[in-house]
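Hi there,

Here is the structure I promised to send over. Have a look at it first, and then read on for what turned up in it.

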Amino acid sequence: KIATVPMADPGRAVLAHLAERGLYHWFGPQRFGRGGDNLRQGHALLAGGRRPRGRRQLRLLVSAVQSALFNDYLLRRLADGPLDRVLPGEICQTVPRGGVFRCDDVNEVGTRLAAGEVRLTGPLHGPKMRPAAEGRPAALEDEGLAAHGLTRDAFRPLKKVAPGGRRPLTVRPEDPGVTPAEPQGLWVSFTLPAGAYATVVVREITRTAFADLRG
């Protein structure tokens, strides 16, 4: 696993390792609301339920479902194989420009992946999520939708608030720093891109449950 580094100073070692290799780009549980309430309301909305009045609340509820589907895809993708191996038909993103493309040549893209020139992505479902994945990655996306009782068309009526897109499966914290804090703690600092969750990084360092981190 990405964050397993047995060294004498585990906090510092794990953070340095994450900065070098990256970690899985999960959406943190706060994305889904207290007790998952935003996710439940988002599912009801996509099933034909009543829309909230405010555009901001509507976007919040739909994005909770998009985020859950992304996390679902990441789990399924990890079960299918390591993220240092690209699958035919998988959607990749160039670094640092961020353009996306479908992998048609696993050898060429695999070389670029190993060099850090591209990274793998997962779905943020919506009608403008292009290009479309093919083969096994597309099947994993469909499996996740089915597990949530959804289809790709469920997002079509909400294209203005949830157009869709792609999200990298891994993220690297930058500018990592660890300093001692009394009595037995550590001050941890790092920089993340927009959309990444500090709680996910701290959980990798401390192996602490999300609920305890939020408390």
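One term before we start: contact here means heavy atoms within 4.5 Å. By that rule, and leaving aside residues up to four places away in sequence, Pro-52 touches Leu-45, Gln-57, Leu-58 and Leu-61. Please keep in mind that this is a predicted model.

Pro-52 sits in the loop that joins helix 2 to helix 3. Is Pro-52 buried or exposed? Its relative accessible area is 23%, so Pro-52 is partly exposed; the cut-off for buried is under 20%. Between Pro-52 and Leu-69 there are 21 Å in space, C-alpha to C-alpha, for 17 residues in sequence.

Asp-72 makes a nice counterpart. This residue belongs to helix 3, and with a relative accessibility of 14% Asp-72 counts as buried. Its contacts, again not counting residues up to four places away in sequence, are Gly-144, Ala-147 and His-148.

Now the chain as a whole. The secondary structure consists of seven helices and eight strands. For 215 residues, a compact globule would have a radius of gyration near 17 Å, and the 18 Å of the protein chain agrees with that. Along the principal axes, the C-alpha atoms fill a box of roughly 55 × 45 × 30 Å. Buried residues make up 42% of the 215. Among contacts with a separation of 6 or more, 64% are between residues 24 or more positions apart.

Next, the interior. In soluble globular proteins, nonpolar side chains tend to be buried together. Here the largest nonpolar core has 46 residues, of which Leu-150 and Phe-155 touch the most other members. Two or more residues each come from helix 1 (10-21), strand 1 (23-24), helix 2 (37-46), helix 3 (55-80), helix 4, strand 4, helix 5 (135-147) and helix 6. Which of these gives the most to the core? That is helix 3, with ten residues. As for Leu-150, its partners beyond four places in sequence are His-43, Leu-46, Val-65, Leu-69, Leu-145 and Phe-155.

Since you may want to look at the open space, here is the largest pocket. Its volume is about 850 Å³. The lining has 28 residues, and those closest to the centre of the pocket are Arg-21, Gly-22, Arg-119, Thr-170 and Arg-172. Helix 4 (106-114), strand 4 (118-124), strand 5 (165-168) and strand 6 (170-171) each contribute at least two residues to this lining. Sorted by class, the pocket lining comes to 15 nonpolar, six polar and seven charged residues.

There is also enclosed space: the structure holds one cavity of 30 Å³ or more. The largest cavity has about 40 Å³ of space, and its lining is made up of Leu-23, Tyr-24, His-25, Trp-26, Val-171, Ala-196, Tyr-197, Val-200 and Val-201. Strand 1 and helix 6 each supply at least two of the residues in that lining. By class, the cavity lining has eight nonpolar residues, one polar and no charged.

Finally, a word on helix 6, which spans residues 198-206. Its buried residues include Thr-199, Val-200, Val-201, Glu-204 and Ile-205. Just after this helix, Arg-207 adopts a positive phi of about 60 degrees.

Happy browsing, and do write back with any thoughts.

Best wishes

Notes: Residues are numbered from 1 along each chain as its sequence is written. This is a predicted model: local features need pLDDT of at least 70, side-chain atom pairs count only at pLDDT 80 or more; totals for chains, interfaces and linings use all residues. Side-chain values use heavy atoms; hydrogens and water are left out. Buried means under 20% relative accessible area, exposed over 50%, partly exposed in between (1.4 Å probe, protein chains only). Helices (H or I, at least four residues) and strands (E, at least two) are DSSP runs, numbered from the N terminus. On a 1 Å grid over the protein atoms alone, a cavity is a set of points where a 1.4 Å probe fits but cannot get out, and a pocket is an open set with protein on both sides within 12 Å along at least five of seven lines; lining residues have an atom within 4 Å of a point. Grid points are joined across faces, edges and corners, and a volume is the space filled by probe spheres set on the points. Ala, Val, Leu, Ile, Met, Phe, Trp, Tyr, Cys and Pro count as nonpolar, Asp, Glu, Lys and Arg as charged, and the others, Gly among them, as polar. A nonpolar core is a set of buried Ala, Val, Leu, Ile, Met, Phe, Trp, Tyr and Cys residues joined through side-chain atoms within 4.5 Å. The radius of gyration is taken over C-alpha atoms; the globule rule is 2.2 Å times the number of residues to the power 0.38.
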